[in-house]
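Let's look together at two topics in this protein: its cysteines and one of its sheets. Please have the model open as you read.

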Amino acid sequence: MTLKCLIVDDEPIARQIVESYCSHLPDLEVVGQCSDAIQARQILSKEKIDLIFLDINMPVLDGLALVKTLKHQPQIIFTTAYKEHAHEAFNLSACDYLLKPFSFDRFLQAVDKAKAQLERSQPEVMIAPGTLSDSLFIKSDGKIHKFNATDVLYAEAQGNNVKIVTIDGIFSTTITFSAFEEQLPKETFVRVHRSFIVNKDKIKVIEGNRIFIGSIEVPIGLNYRDQFLRTLGIK
């Protein structure tokens, strides 16, 4: 796995040191460097970045403030001369916090942490492309379970996990709810609530803001109701 990296620091020498360290690791690709957070935001809006080496004290917008503005946060390794910001940095889900000057071996430890975090965040659900009869593979409880996508009754977001209820049982897997939704056949599965996706073919009754799949009750979110009914051909 090659990580696309961005170096953000207002000190040219600091950027050069990080770039030099990165050059020794073939699985790191530096796709950009910038001297302030405003430039970094522009790059992040155009490029898919996996890892940012980020200074904290910078003009206009500091590194901590930059992270707070990001909707989709890459792995963050802070590189700073100030240890007093460490607590806030880790509260922002920083991968690591390097105090300048830091050695190559300390840099390597931080990169390894970032790689491990990215590997853990990889989707654990896959649907083979093709028809609805294709298999759905879900990693749950250390095992990989296989069944047909059409066997899914509904799915529920539960923090960083998704609970998947099928005709054969209930599974929990680590994946974002939006990523799981993207992998389901859109002609059959529909979002009916901020936290629920249902299989339209399994719906038995709709009553008010409730869907019944057999004896299972699933809520319909107010913001999803009209679009959901339209997908059923109900106006």
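The report below takes the cysteines and then the sheet.

This is a predicted model, in which local features need pLDDT of at least 70 and side-chain atom pairs count only at pLDDT 80 or more, while totals for chains, interfaces and linings use all residues. Residues are numbered from 1 along each chain as its sequence is written, and side-chain values use heavy atoms, with hydrogens and water left out.

**Cysteines**

You will find zero disulfides here, a disulfide being a pair of cysteine sulfur atoms within 2.5 Å. Why do Cys-34 and Cys-95 not form a bond with Cys-5? For Cys-34, the closest cysteine sulfur is the one in Cys-5, and at 13 Å it is too far for a bond. Cys-95 also has its closest cysteine sulfur in Cys-5, and 11 Å is too far as well. Both residues appear below with their relative accessible area; buried means under 20%, exposed over 50% and partly exposed in between, with a 1.4 Å probe and protein chains only.

| Cysteine | Sulfur to sulfur of Cys-5 | Relative accessible area |
|---|---|---|
| Cys-34 | 13 Å | 2%, buried |
| Cys-95 | 11 Å | 8%, buried |

**The sheet**

Now to the strands, which are DSSP runs of E with at least two residues, numbered from the N terminus; two strands pair if DSSP finds at least two bridges between them. Five strands make an open, antiparallel sheet, ordered S11-S10-S9-S13-S12. At its edges lie S11 (169-174) and S12 (189-193), each pairing on one side only. S10 (residues 161-166) is joined to S11 by six bridges, and one bridge links Thr-166 with Gly-169 in S11.

Terms used:
Helices (H or I, at least four residues) and strands (E, at least two) are DSSP runs, numbered from the N terminus.
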